[in-house]
Amino acid sequence: MRIVLAGGGVIALLTAVECVSAGHEVVVADQADIPFSGATSFDRHRVLRALHLDDPAKTAAAISAHHAWTELEHLLSTSFYEQVGALTALTPEKARSAQEMLTAAGSKTEVFDADELAAEFPHAGFAPGTGAVFESHAGVLLADRVLAACAGWLRWHAHAELHPHRKVVGVDADRAEVRLADGEILRGDAVLLAAGPWSRDLLAPELSEELVLHRQTMLYCDVPPPDAAAWAATPAITSLGTIGGAWLVPPVAGTPLKLSAASACRVVDEVGDGKAPSRWREHLIDTFAELIPGFRRDWLVDTRDGHYLARRSTLGPMLAILGDRVLSYAACGGSSFKFAPLIARSLAARLTGADPAPTGLEPLDRPLVRASGVHPTRPALRGVS
Ligand SMILES: Cc1cc2nc3c(=O)[nH]c(=O)nc-3n(C[C@H](O)[C@H](O)[C@H](O)COP(=O)(O)OP(=O)(O)OC[C@H]3O[C@@H](n4cnc5c(N)ncnc54)[C@H](O)[C@@H]3O)c2cc1C
């Protein structure tokens, strides 16, 4: 089969690798470079941890995703996973129940009380009095390396065509074809739209209105040399236990320390450039100056904004079946990178007519179905130039 993929982020690239590995042909078209530095997936790191409080199925899925990433490293003959562990600040009761759930799912964990946390990670800025659960199998995916490895593998594969700077402006869900900005039609046996935060441009209003665009600011820092050893031995911290939802990714494999907080995430109307507005940069500087001992603005080496879409009703991702073999995966903020190998397997199965194995991820296992007449037919597509 020939599969056409619109987008060159982690979802489209991993799905393309899956399809090619299963013996199919793929055509990947991105509006910009492949990979594109402005894509949501294009960052130094993404956190891979299993814990999803009160959601054992998602927790088990994250453990499967961990194994799938390791397999992908083998296939692509490279490494992009740093198993530095992850700490999540929790009250003592919640830490114990998180530990029980993780242990039941097969993940090795440790619980820290407030004193142990303060003694072991005095530099990290945990909220006073908080405990934490530590996941030893968790860690950091070097996101830009993942994209480069997938694109490199596909570029040299006889059954893959990559088309950078070819924007998709329309989709025919009945014919499984996409129209490019230059007027060319790419026809396939199946089509995947994986346009990340730009997904709304390719969907009919009924679907695009279901999606809310978020924008989040991140700070990238070089830590002073005397602190470097402590930071190098620090796990990813998915929550410091603060009201504003501060989190950080340690400097691993030559990457900078990354700092952000839920309070630096806001709803916006349009995808902008990746430049962080000074108001949001200053908000994060003030936040971390209060948390991290000795933190100073001259640690900053870069700032960046990332965008993601979330479904209005669930705040999660959205997989929509637009036609017999036309799918749209409008990814969402918190976790679509780490789940990408599971998402890709499931999408590849659907695109190639195989039965998708259940993933434990509700939006994938129970997609939205937009039957003919509801999904966009050609003239109804938004963003057609
Ligand atoms: C601040 C932040 C932190 C995050 N942290 C984590 C984390 O720690 N762990 C985790 O698992 N996830 C995390 N995520 C979420 C994760 O990064 C995203 O869900 C995921 O990267 C989305 O991948 P994607 O391929 O769907 O989209 P993208 O990576 O944005 O790729 C979409 C691609 O489509 C292309 N495109 C768009 N429109 C068109 C068009 N019309 N024609 C052709 N091409 C088009 C774009 O150029 C782009 O290359 C985070 C997200 C943000 C914003």
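What span should the 14 residues of helix α3 (residues 92-105) have at 1.5 Å a residue, and how far apart are its end C-alpha atoms? The expected span is 20 Å and the end C-alpha atoms are 20 Å apart, which agrees. That expected span is 1.5 Å times one less than the number of residues. Helices (H or I, at least four residues) and strands (E, at least two) are DSSP runs numbered from the N terminus.

This is a predicted model: local features need pLDDT of at least 70, side-chain atom pairs count only at pLDDT 80 or more, and totals for chains, interfaces and linings use all residues. Residues are numbered from 1 along each chain as its sequence is written, and side-chain values use heavy atoms, leaving out hydrogens and water.

**Helix α3**

Ala95, Ala98, Gln99, Met101 and Leu102 are the buried residues of α3 (under 20% relative accessible area, 1.4 Å probe, protein chains only). Their cover includes α2, β5 (86-90), β6 (109-112) and β7 (131-135). Contact means heavy atoms within 4.5 Å. Gly106 follows α3 and has a positive phi, near 100°.

**An open sheet**

Three strands form an open sheet in the order β3-β8-β4, with antiparallel pairing. β3 and β4 are the edge strands, each pairing on one side only. Strands pair if DSSP finds at least two bridges between them. Two bridges join β4 to β8. Tyr81 stands opposite Leu141 in β8.

| Strand | Residues |
|---|---|
| β3 | 46-48 |
| β4 | 81-82 |
| β8 | 139-141 |

Technical notes
Buried < 20%, exposed > 50% of the residue type's maximum accessible area, 1.4 Å probe, protein only.
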